[in-house]
Amino acid sequence: MSHIQITGLSKKYGSTAVLRDVHLGIGEGEFVVLVGPSGCGKSTLLRAIAGLETTDGGSIAFDGEGADHLPPQQRRLAMVFQSYALYPHMTAHDNMAFGLREQRQSEALIAQRISKASAALHLDDYLGRYPRELSGGQRQRVAMGRAMVREPRAFLFDEPLSNLDAQLRVQMRAEIRALQRQLGTTTVYVTHDQEEAMTMADRIAVLRAGRIEQVGDPLTLYDEPANEFVARFIGSPPMNVVDARWAQGQLSLGEGIRLPAPPGSAGRHDDAVRLGIRPEHLVLRTGEASPDAPLLRLRVSAVDYLGSITELHGTVPDAFDASPWLARLAGRHRATAGEEVTLTWNPSHAHLFNPESGARLSRLSIATQAARPSHRHEH
């Protein structure tokens with residue numbers, strides 16, 4: 001196990017900055033996921049840790065010792081790729097043994113490590129097969145086994161499940177997480193799939209345009225996003241975020257649409273703000289609503305029945321912002337296109353964002369926040 005410290009890392013391709021002053025500490029035995037949209041720099045950051053990319057500034061250290069001068073083979077890291085990268089003319093056993101044989105390790109040591117890795121990955125019955133004789137999940141296990149037998153200081157995963165079907169991805173991410181806990185090896189994992197990140201990570205680093213927007217455990221990022229980008233990126237389906245204004249201590253979404261603000265938030269009359277509510281926090285109004293409960297009319301445009309979940313798509317009549325809304329309701333609820341339903345939610349589940357910087361304002365004064373630069377969480 002190793003502690004990895006990334007300090008002020010920067011990287012450019014020509015005039016395009018792909019990493020911008022990246023700071024990130026990864027603890028011993030920690031499972032950290034780098035997540036973000038395509039082109040955000042997550043794979044470049046992983047390759048920089050591996051030594052496969054040179055950087056223009058900053059440093060990388062393992063256990064307090066600088067590693068920037070070390071070539072990839074001396075960093076004692078094991079990388080698992082999206083493409084498996086198995087030798088087609090070698091059996092699963094020989095693919096796993098290849099790196100150790102290149103290091104001139106004894107056959108006894110190789111057999112011991114392969115036996116241990118094979119048992120952990122349930123590969124004992126497949127060691128004599130060639131890659132073409134294996135399923136996608138089995139090939140990925142072989143690639144993981146090849147990494148495991150090296151007993152690295154850290155595992156680096158670069159979107160390893162992207163080539164698998166949906167059901168196998170769910171199975172494999174559970175297996176990878178369980179295996180990492182069993183081995184206790186420091187792991188850095190890149191994915192564009194935020195659901196994958198939420199279910200696997202000890203901590204998540206959300207990247208955008210080469211910068212880390214926020215680092216935290218999955219539930220902290222879900223409950224307390226640093227800004228609108230993180231709020232919309234973390235959570236599936238994405239958060240509803242619409243334009244609003246302050247009006248006599250409440251939020252106005254349009255003519256005659258007044259809503260209570262999140263607890264502890266305040267702003268000046270007519271100040272612009274962005275209101276965010278997750279689809280799963282919306283519920284249908286039933287019976288007598290509390291006088292303090294927010295009420296919102298949704299004109300339904302489409303209904304998705306997903307078994308135990310019903311999703312209502314629609315817009316809010318007379319709102320300033322014509323953006324579509326999505327309500328993700330537990331159970332089965334009948335609705336038709338053109339129908340209007342009334343939604344409500346717990347105000348403490350709502351979020352406010354600065355419309356210019358994107359910074360989250362919930363439980364902060366807009367007047368106070370406006371005087372500050374756009375902030376990022378410590379990482």
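Which residues in α4 meet which residues in α5? In this predicted model, the α4 side of the contact consists of Gly136, Gly137, Gln140, Arg141, Met144 and Met148. Their partners in α5 are Leu168, Gln171, Met172, Glu175, Ile176, Leu179 and Leu183. By class, the residues of this contact comprise 7 nonpolar, 4 polar and 2 charged.

The geometry of this pair is a good place to begin. Two packed helices are described by the angle between their axes and the distance between the axes. For α4 and α5, the axes come within 11 Å and cross at roughly 20°. Because angles under 35 degrees count as roughly parallel, α4 is roughly parallel to α5. The crossing of α4 and α5 is right-handed.

Helix α4 also packs against α2. Here the axes come within 8 Å, with a crossing angle of roughly 30°, which means that α2 is roughly parallel to α4. The crossing of α2 and α4 is right-handed. On the α2 side, Ala92, Asn95 and Met96 make the contact, and on the α4 side Val142, Gly145 and Arg146 do so. The residues of the contact of α2 with α4 divide into 3 nonpolar, 2 polar and 1 charged.

A further partner of α2 is α3. Helix α2 spans residues 92–102 and helix α3 residues 107–121, and their axes come within 10 Å while crossing at roughly 135°. That angle makes α2 oblique to α3. Once again the handedness can be stated plainly: the crossing of α2 and α3 is right-handed. Helix α2 contributes His93, Met96, Ala97, Leu100 and Arg101 to this contact, while α3 contributes Glu107, Ile110, Arg113, Ile114, Ala117 and Ser118. Among the residues of the contact of α2 with α3, 6 are nonpolar, 2 polar and 3 charged. Met96 of α2 thus appears in the contact with α3 and also in the contact with α4.

Attention now turns to the interior. A search of the whole structure finds 1 cavity of 30 Å³ or more, and the largest cavity has a volume of about 80 Å³. Its lining is made up of Phe31, Val80, Met144, Ala147, Met148, Phe155, Phe157, Ile176, Leu179, Gln180, Leu183 and Thr187. The elements that give two or more residues to this lining are α4 (136–148), β7 (154–158) and α5 (166–183). Helix α5 supplies the largest share, 4 residues. By class, the lining of the largest cavity has 10 nonpolar and 2 polar residues, with no charged ones. There is a link here to the helix pair of the opening paragraph: Met144 and Met148 of α4, together with Ile176, Leu179 and Leu183 of α5, belong to the contact between these helices, and these residues also line the cavity.

What is the volume of the largest pocket? The largest pocket has a volume of about 550 Å³. Its lining counts 18 residues, of which Leu77, Ala78, Met79, Phe81 and Arg150 are the closest to its centre. Strand β6 (77–80), α2 and α4 each supply at least two residues of the lining of the largest pocket. The lining divides into 12 nonpolar, 3 polar and 3 charged residues. Helix α4 therefore serves as a shared element, since α4 gives two or more residues to the lining of the cavity and at least two to that of the pocket, besides meeting α5 and α2.Two details of the backbone complete the account. Most residues other than glycine have a negative phi, and most peptide bonds are trans. Glutamate 159 has a phi near 45°, a positive value in a residue other than glycine, and glutamate 159 lies in the loop between β7 and α5. The peptide bond from serine 236 to proline 237 is cis, its omega being near 0°. Proline 237 is found in the loop between α8 (228–233) and β11 (240–247).

Definitions and conventions
Residues numbered from 1 in each chain as written. Predicted model: local features only at pLDDT ≥ 70, side-chain atom pairs only at ≥ 80, totals over all residues. Heavy atoms only, no water. Axes fitted to C-alpha atoms, helices over the stretch in contact; angles between N-to-C directions. Parallel < 35°, antiparallel > 145°, perpendicular 65-115°, else oblique. Left-handed = near helix turned anticlockwise from the far one by under 90°. Contact = heavy atoms within 4.5 Å. Nonpolar A, V, L, I, M, F, W, Y, C, P; charged D, E, K, R; others polar. 1 Å grid on protein atoms, 1.4 Å probe; cavity = no way out; pocket = protein on both sides within 12 Å on 5 of 7 lines; lining within 4 Å. Points joined across faces, edges and corners; volume = space filled by probe spheres on them.
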